[in-house]
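Work through the exercises below with the sequence and the model side by side. Each task is followed by a solution in steps.

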Amino acid sequence: MDNMLNLAPIFTTSSGTRVTLEDFLRQHVNGHQRVIYIGTDSRNTQHTKFSTVLVAYTPGRGGVILRRNRRERKIESLGERLLREAFYSVELAIAASSLLPRQVSIEIHLDINSNARHKSHQYLTAVVGLVSAQGFDYRVKPDAWCATCIADRVVKRS
């Protein structure tokens with residue numbers, strides 16, 4: 001895994017502009033947001049691709065997306081992939097939390113199913129524990145739209 005998140009211009013906006021996390025948050029978090037949403041999804045091809053997204057949503061105005069894509073060795077284990085997704089989201093949340101005003105909270109969306117009929121459910125306790133131990137609020141499927149919709153769309157296009 002990477003060392004702690006580098007704030008250098010490794011992030012990309014939805015328009016394709018490369019920016020630092022600090023510049024993005026300075027430009028798009030303007031006091032109207034109460035929550036910043038972060039989610040990661042992955043996809044296996046010849047490698048495992050990860051997309052981590054941060055959504056700054058302003059009620060009544062919509063949201064702006066910041067993304068970071070990674071490509072790593074193929075990870076066959078579903079548990080390892082889900083933990084890695086959560087780790088990347090927590091990593092970004094920690095970096096963002098030091099740059100956000102106190103009134104803005106962070107909510108991490110996890111691509112884990114709350115329904116026991118799905119394979120990902122068996123990893124729910126471990127993944128939620130990783131996120132909650134760092135003090136972040138979280139959502140799981142079906143309420144984890146940042147991971148299951150936004151990050152999913154980004155990873156499929158990368």
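The exercises go from the overall fold to one strand; the model is a predicted one.

**Exercise 1. Overall fold**

Task: State how many helices and strands the protein has, and give their pattern along the sequence.

Solution:
- Step 1. The secondary structure amounts to four helices and seven strands.
- Step 2. Along the sequence these elements follow the pattern β-β-α-β-β-β-α-β-α-β-α.
- Step 3. The radius of gyration is 15 Å, close to the 15 Å that the globule rule gives for 158 residues, so the protein is as compact as a globular protein of that length.
- Step 4. Along the principal axes, the C-alpha atoms fill a box of roughly 40 × 30 × 30 Å.

**Exercise 2. Burial, contacts and surface**

Task: Find what share of the residues is buried, then describe the contacts, the exposed area and the charged side chains.

Solution:
- Step 1. A residue counts as buried under 20% relative accessible area; 46% of the 158 residues meet this.
- Step 2. Take the contacts with a separation of 6 or more: residues 24 or more positions apart account for 66% of them.
- Step 3. The protein exposes about 8400 Å², and carbon and sulfur atoms supply 47% of that area.
- Step 4. There are 22 positive and 14 negative side chains, and the centres of these two sets lie 5 Å apart.

**Exercise 3. The sheet**

Task: Give the order of the strands in the open sheet and identify the edge strands.

Solution:
- Step 1. Strands of a sheet pair through backbone hydrogen bonds, either parallel or antiparallel.
- Step 2. Here seven strands form an open sheet with mixed pairing, in the order E2-E1-E5-E4-E3-E6-E7.
- Step 3. The edge strands are E2 (18-19) and E7 (137-141), each of which pairs on one side only.

**Exercise 4. Strand E3 and its partners**

Task: For E3, work out the sense of pairing with E4 and with E6, and decide whether E3 is largely enclosed or not.

Solution:
- Step 1. E3 (residues 35-44) pairs with E4 (residues 48-58) in the antiparallel sense, over nine bridges.
- Step 2. A hairpin of three residues joins E3 to E4.
- Step 3. Two positions show the register: Ile36 stands opposite Ala56 in E4, and Gly39 stands opposite Val53 in E4.
- Step 4. With E6 (residues 105-113), E3 pairs in the parallel sense over five bridges; Val35 stands opposite Ser105 in E6.
- Step 5. Eight of the ten residues of E3 are buried, so E3 is largely enclosed by the rest of the structure.

Notes. Residues are numbered from 1 along each chain as its sequence is written. This is a predicted model: local features need pLDDT of at least 70, side-chain atom pairs count only at pLDDT 80 or more; totals for chains, interfaces and linings use all residues. Side-chain values use heavy atoms; hydrogens and water are left out. The radius of gyration is taken over C-alpha atoms; the globule rule is 2.2 Å times the number of residues to the power 0.38. Buried means under 20% relative accessible area, exposed over 50%, partly exposed in between (1.4 Å probe, protein chains only). Contact means heavy atoms within 4.5 Å. Accessible areas come from the Shrake-Rupley method with a 1.4 Å probe; for residues, only the protein chains shown count as cover. Lys and Arg count as positive and Asp and Glu as negative; His and the chain ends are not counted. The place of a charge is taken as NZ of Lys, CZ of Arg, CG of Asp or CD of Glu. Two strands pair if DSSP finds at least two bridges between them.
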